[in-house]
Amino acid sequence: MSVLEVQDIHKSFGKSEILSGISFSLDEGKVLSIIGPSGSGKTTLLRCITQLERAEAGKITVDGDTVFDAAETATLSKAEKRRRQLYFGLVFQSFNLFPQYNVLENVTLAMKLQAKEQPDFKEKKDEIFAAIDENARSLIDSVGLSDKLANYPCELSGGQQQRVAIARALAMKPRILCFDEPTSALDPELTNEVLAVIKGLVKLNMTMIIVTHEMRFAKEVSDRIIFMEGGNICAEGSSDEIFVKSENPRLKEFLGSFQS
Amino acid sequence: MSFWEVNLTIMQGLVTTAELFFLTLLFALPLGLIICLGSMSKITPIRLIVKTIVWIVRGSPLMLQILIVYYGPGLLFNLPLLPRFTAAVVTFVINYACYFSEIYRGGIQSIPKGQYEAGQVLGMTRSQVFFKVVLLQLVKRVIPPMGNELITLVKDTALVRVIAVYEVIWMGESFIKKGMIWPLFYTAVFYLAFNGILTLLLNRVEKKLDYFH
Ligand SMILES: Nc1ncnc2c1ncn2[C@@H]1O[C@H](COP(=O)(O)OP(=O)(O)O)[C@@H](O)[C@H]1O
Ligand SMILES: [Mg+2]
């Protein structure tokens, strides 16, 4: 069953077209990796999918429900925007934790703000917040940071911050979790702890899109791989098809640049 | 004329000075935010008008502005003069709001875009992102330059003597006609004390926000 359908996404900045018609679909519980040279439009694609950027043309559906349609002209209500937004989680290259909140608060903040809108919030506030904290604690535990609950982001290593960012994204129970080069800002010795957390999510059958330059990792965890270049999908296939069998010269050149 | 009496007289001036200081803060802090939003507006005419006003206010002497606000309406439109102290407050509020707006703008522009985006992706509304995520970071970034501005404000209050508002220096100077020059110089102590307390308070707030970067 396909969860995500991306149809013919076009996106320009000024006169330059950054995405020239991207289409793909992603099945339940599968992992899609997006690889490609810097500047090929990977981040822009992820930002269009996660609603941070508005494409000029194209359509995106999740479970058959339209989350973006360039043909749609009516302005959406706040509630509808949020409903669509929350299909997706996004883990940024630069973590973007909230510096003034500790680890637990970073993970619970959005959930608590959302809980305030429940009709029975006033009567059940303590229960609701306790449940949110409980859930956040177990997520933080699952990324291996239960001893850092009360620490602030500035007291954590990059790898730890990124693991908090993953827990924070998971707290919203996204249908699809997206990663934009989650380890690119990290020192090499810290990348593995983050990749290990993502591998844990693969085991839990989380549906994920991962933009990455970690080729060995992509090869290992991906069900499908998209190779992008110049705003187009230049090759697409299973891990084997991309890394072993492909005869695509552009792709081979790109992969070759990683052998050292 | 005892030392005690000199202190009492200057104290009266200090009350006026402090009133001017606090009233300016009270009105200029929020007005500065409005001007700041105007100067960042996506609507070009609004942005240009606001930026021009800020340029004029910051580019001309405060003393002249005090004189214009006090005498201008009468000279130009035959309107009755504002009370002296009111004219002083109005001028200071406008002048300092323009400086504050630039400080706010610097603060807002220094918050990484990723903070807004992280909030949005987590389903927060724009106002939740502003109040729950951005605001405290903004306060932290704005306090050091704001502190400088407040210290300047304390000293600038002395300018209102040009329209005969009886602030600290005016009071100190009033002893000259009684043959005493030292009280004028002695007023410096009052400014130093005022700014000393202000600096301590600002340091405390800065310390409070020291737990994050
Ligand atoms: N906000 C923007 N404004 C203008 N150009 C942009 C913007 N964001 C990205 N681009 C351009 O789009 C192209 C693709 O960028 P990006 O999606 O970040 O590529 P990738 O993530 O694959 O490295 C680049 O040439 C970049 O300069
Ligand atoms: Mg990128």
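Here are some short exercises on this structure, each with a worked solution.

This is a predicted model, where local features need pLDDT of at least 70, side-chain atom pairs count only at pLDDT 80 or more, and totals for chains, interfaces and linings use all residues. Residues are numbered from 1 along each chain as its sequence is written, chains are lettered from A and ligands numbered from 1 in the order in which they are written, and side-chain values use heavy atoms, with hydrogens and water left out.

**Exercise 1. Chain B as a whole**

Work out which secondary structure elements chain B has, and how much of the chain is buried.

*Solution.*
- Step 1: start with the elements. Chain B has eight helices and zero strands (DSSP runs, numbered from the N terminus: helices are H or I with at least four residues, strands are E with at least two).
- Step 2: check the box. Along the principal axes, the C-alpha atoms of chain B fill roughly 70 × 50 × 20 Å.
- Step 3: look at burial. Of its 213 residues, 46% count as buried (buried is under 20% relative accessible area, exposed over 50%, partly exposed in between, with a 1.4 Å probe and protein chains only).
- Step 4: turn to contacts (heavy atoms within 4.5 Å). Among those in chain B between residues at least 6 apart in sequence, 77% join residues at least 24 apart.

**Exercise 2. Two positive phi values**

Find where A:Asp8 and B:Asn78 sit, and say whether each is buried, partly exposed or exposed.

*Solution.*
- Step 1: recall the background. Most residues other than glycine have a negative phi.
- Step 2: take A:Asp8. Its phi is near 50°, a positive value in a residue other than glycine. A:Asp8 lies in strand S1 (residues 2–13) of chain A, and with a relative accessible area of 41% it's partly exposed.
- Step 3: take B:Asn78. Its phi is positive too, at about 60°, and it isn't a glycine either. You'll find B:Asn78 in the loop between helix H3 (62–77) and helix H4 (84–110) of chain B. B:Asn78 is exposed, because its relative accessible area is 71%.

**Exercise 3. A lysine in a loop**

Place B:Lys42 among the helices of chain B, then decide: is B:Lys42 buried or exposed?

*Solution.*
- Step 1: locate the residue. B:Lys42 is in the loop between helix H1 (3–39) and helix H2 (44–59) of chain B.
- Step 2: check its cover. The relative accessible area of B:Lys42 is 79%, so B:Lys42 is exposed.
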